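Trainee: Please take a close look at the salt bridges and go through them pair by pair. Add what you can on burial and on the cysteines.

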Amino acid sequence: MAAAAAAVPGALGTLQAGRARLVAACCARLGPGWRLPGSVTGPRVAPAVWARGWTPAAGGGSAPRRGYSSEVKTEDELRVRYLEEENRGIVVLGINRAYAKNTFSKSLVKMLSKAVDALKSDKKVRTIIVRSEVPGIFCAGADLKERVKMNPSEVGPFVSKIRAVIDEIANLPVPTIAAIDGLALGGGLELALACDIRVAASSAKMGLVETKLAIIPGGGGTQRLPRAIGMSLAKELIFSARVLDGQEAKAVGLISHVLEQNQEGDAAYRKALDLAREFLPQGPVAVRVAKLAINQGMEVDLVTGLAIEEACYAQTIPTKDRLEGLLAFKEKRPPRYKGE
């Protein structure tokens, strides 16, 4: 398609070629062998392609599968919990640096990156919740006590690592929910902005406050906040380093749901669980490609976005889940999807 479009004279050919590249890039995100249907970039994918998984494991082998245990797996600063029974498929990432208000340290960034790398290739994972294990705190941004000990030459590379791990979370193929039950400042709010959905307690505090320290948001905040609430308001909040409570954040569209905090201090987490349970019965393949279609489509013009949607829709057609959905409808029973 790109070669043919390039032959079209003038700006139209350039535009069509650009669209073709964007759609091809979207297909590449789906993994090796994925193509736009029809004559655009090749034939529809066969069902066997999906079985290779969303993200191929390094070296071409199949990714190791974790056991689904309710046991909390802890590496001190980050707890990864695989829920069971009616919550099977939900994974909870719990930040646990109480002594440092859950700030990003070098070790926490490494742990997050390792956890996300394992999750992105696990087809049994259906939804991921990011929360705090520390009452009253979500994440207070970068660890400034650690930062002040860094040489100026170390600061840039470390901020790049924080940005990279936040990007990895944003690029996870399954729905992600940030449960904000406390303070989310600077990098903490940037972490939440990387999630698909944000819910917060009314008592939570959120803001990109970096200009108070004569720096700017470095973990994607200058890009994701305007996309979430609009450019003018995002500029106002970043320029002023203003902090919003849960109700104010809901009013400007920063979060989807706001709740009165409960005695346990986990109202946002409980709401996040409720939302995750709503996602579980839906077709896993469909949810993944829907997320990809929305994310990629929001970055391009409507015509290109519709082509991306077509590419993503095509990937659901040869799946066993689609046939199961039709059969379940015919037999008037709940579908039993397997992600195939």
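Mentor: Glu-324 is a good place to start: at 15% relative accessibility it counts as buried, where buried means under 20% relative accessible area, exposed over 50%, and partly exposed in between, with a 1.4 Å probe and protein chains only. Before going further, note that this is a predicted model, in which local features need pLDDT of at least 70, side-chain atom pairs count only at pLDDT 80 or more, and totals for chains, interfaces and linings use all residues. Residues are numbered from 1 along each chain as its sequence is written, and side-chain values use heavy atoms, with hydrogens and water left out.

Glu-324 forms a salt bridge with Arg-333, and the closest N and O atoms are 2.7 Å apart. The term stands for a side-chain nitrogen of Lys or Arg within 4 Å of a carboxyl oxygen of Asp or Glu. In general, side chains of opposite charge can pair when their charged atoms come close. Arg-333 counts as buried as well, because its relative accessibility is 19%. Arg-333 also forms a salt bridge with Glu-331, again with 2.7 Å between the closest N and O atoms. Glu-331, however, is partly exposed, because its relative accessibility is 45%. Elsewhere, Glu-77, Arg-97 and Asp-143 are joined into one network by salt bridges that share partners.

By this rule the count comes to 14 salt bridges. One of them pairs Asp-167 with Arg-224, the closest N and O atoms lying 2.7 Å apart. This pair links distant parts of the chain, 57 residues apart: Asp-167 is in helix 6 (residues 152-170) and Arg-224 in helix 8 (residues 221-229). Helices here are DSSP runs of H or I with at least four residues, strands are runs of E with at least two, and both are numbered from the N terminus. Asp-167 is partly exposed, because its relative accessibility is 28%.

Now the cysteines. A search of the whole structure finds zero disulfides, a disulfide being a pair of cysteine sulfur atoms within 2.5 Å. Cys-195 counts as buried at 4% relative accessibility, and Cys-312 counts as buried at 3%.

A last point on burial concerns a loop residue. Asn-87 lies in the loop between strand 2 (78-82) and strand 3 (90-95). Asn-87 is buried, because its relative accessible area is 10%. Leaving aside residues up to four places away in sequence, Asn-87 touches Arg-277 and Leu-280, where contact means heavy atoms within 4.5 Å.
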